[in-house]
Amino acid sequence: MNALSSMDLIATAGRTPWHRASALSKIALALLILLLAVFTPSLSLLGVLFGVAVLLALSARVPVRLLLTAMAYPVAFALLFVLARWDGTWITPARILLRPLTCCVAVIWLMGSTPYPDVFAPLSRVLPRAVGDGLFLTYRALFDLIDRSGRLWRAIRLRGGAEGSARRRLSLAGEGLGTLVLYGFERSQRFYATMQLRGHSGRICGCRHYADVTPADLLTLAAAVGVILAAVTLWGRP
């Protein structure tokens with residue numbers, strides 16, 4: 001099972017207080033952490049925000065292995081900026097690494113504790129209809145394409161596609177990528193035809209569960225108050 005599928009399973013089957021809180025309050029908290037992580041000049045506040053994001057993810061029962069795997073992607077890209085802006089100190093690299101890591105972990109907490117239709121439903125109310133529906137369909141299509149690509153690469157390896165010269169392997173990889181592109185077009189046409197047959201009215205993500213307030217939202221509110229207090233206290237510090 002790939003990382004996205006695992007996260008979706010955790011979001012749907014989880015039973016922690018975060019899973020019972022409304023999607024709207026969790027989106028607001030995640031957005032608050034993201035904005036503070038992006039704009040704060042304080043390394044101390046960045047460290048606190050990263051610790052809060054990790055605590056949120058672990059308390060939502062996101063597996064540590066899944067968390068580390070997801071964190072590896074922003075680290076790989078951030079290392080390029082660390083090397084480009086290296087000034088001989090550890091403060092600049094720490095600040096460059098903590099910004100994307102904090103944003104990544106906050107999003108993992110959100111997506112690991114909220115079924116994705118509830119995440120995209122409020123976005124479709126704010127964004128233009130085509131953009132909101134496009135984001136929802138793109139995220140949904142990722143699961144299918146990742147599974148399809150995994151089966152394709154296994155078939156290539158079983159038939160000896162991983163052997164031979166680099167030129168031959170690149171040629172096979174290109175053919176496999178082309179197959180995936182064609183499959184994606186065909187899949188999107190069939191999906192759209194299915195939506196038409198089922199009476200698609202021009203809007204998806206119409207569920208309203210995202211705004212169902214529960215007692216668990218008090219926990220989200222307490223976390224947001226703690227983050228705001230930390231920001232007020234540490235914003236001007238190094």
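**Exercise 1. The tryptophan pair**

Are Trp-18 and Trp-109 buried or exposed, and how many aromatic pairs are counted?

Solution. The model is predicted, and the steps below should be read in that light. Start with the burial of the two residues: Trp-18 is buried, and Trp-109 is buried as well. Next, turn to the count, which comes to one aromatic pair. The ring centres of Trp-18 and Trp-109 lie 5.4 Å apart with their planes at 90°, and because an angle over 60 degrees counts as edge-to-face, the pair is assigned to that class. Finally, place the partners on the chain: Trp-18 belongs to helix H2 (residues 17-20) and Trp-109 to helix H6 (residues 91-113), so that the pair links distant parts of the chain, 91 residues apart.

**Exercise 2. The overall fold**

Determine which secondary-structure elements the protein contains and what its extents are.

Solution. The protein has 10 helices and zero strands, and its pattern along the sequence accordingly reads α-α-α-α-α-α-α-α-α-α. The C-alpha trace spans about 60 × 55 × 30 Å along its principal axes. Of the 238 residues in the protein, 38% are buried.

**Exercise 3. Helix H6 and two of its residues**

Compare the span of H6 with expectation, then describe the settings of Cys-104 and Val-107.

Solution. With 23 residues at 1.5 Å a residue, H6 should span 33 Å, and the 32 Å between its end C-alpha atoms agrees with this. Because 17 of those 23 residues are buried, H6 is largely enclosed by the rest of the structure. Cys-104, which lies in H6, has a relative accessibility of 16% and therefore counts as buried, the cut-off being under 20%. Its C-alpha is 8.8 Å from that of Ala-53, although Cys-104 and Ala-53 are 51 residues apart in sequence. Val-107 also lies in H6, but at 36% relative accessibility Val-107 counts as partly exposed. The C-alpha atoms of Val-107 and Arg-167 are separated by 39 Å, with these positions 60 residues apart along the chain.

**Exercise 4. Helix H5 and the loop before it**

Where does H5 bend, and which of its residues are buried?

Solution. Helix H5 (residues 64-84) has 21 residues and reaches 30 Å from its first C-alpha to its last, close to the expected 30 Å. There is nevertheless a bend of about 25° at Ala-72, and a proline, Pro-74, follows within four residues. The buried residues of H5 are Leu-66, Leu-67, Ala-70, Met-71, Pro-74, Ala-78 and Val-82. For the spacing of such positions, recall that an α-helix has 3.6 residues a turn, so residues three or four places apart point the same way.

In the loop between helix H4 (43-59) and H5 sits Arg-61. Most residues other than glycine have a negative phi. Arg-61, which is not a glycine, has a positive phi of about 65°. With a relative accessible area of 65%, Arg-61 is exposed, since the cut-off is over 50%.

**Exercise 5. A nonpolar surface patch**

Which residues make the nonpolar surface patch of about 510 Å², and where is Trp-235 found?

Solution. The patch of about 510 Å² is made by Leu-31, Leu-35, Val-38, Phe-39 and Trp-235. Trp-235 is found in the segment after helix H10 (217-234), and with a relative accessible area of 36% Trp-235 is partly exposed.

Key: Residues are numbered from 1 along each chain as its sequence is written. This is a predicted model: local features need pLDDT of at least 70, side-chain atom pairs count only at pLDDT 80 or more; totals for chains, interfaces and linings use all residues. Side-chain values use heavy atoms; hydrogens and water are left out. Helices (H or I, at least four residues) and strands (E, at least two) are DSSP runs, numbered from the N terminus. The expected span of a helix is 1.5 Å times one less than its number of residues. The bend at a residue is the angle between axes fitted to the seven residues ending there and the seven starting there. Buried means under 20% relative accessible area, exposed over 50%, partly exposed in between (1.4 Å probe, protein chains only). Rings of Phe, Tyr and Trp (its six-membered ring) pair if their centres lie within 6.5 Å; planes under 30 degrees apart count as stacked, over 60 as edge-to-face and the rest as tilted. Patches are made of residues with over 30% relative accessible area and no salt bridge: like charges are joined within 9 Å, nonpolar side chains (Val, Leu, Ile, Met, Phe, Trp, Tyr) within 5 Å. Accessible areas come from the Shrake-Rupley method with a 1.4 Å probe; for residues, only the protein chains shown count as cover. A salt bridge is a side-chain nitrogen of Lys or Arg within 4 Å of a carboxyl oxygen of Asp or Glu.
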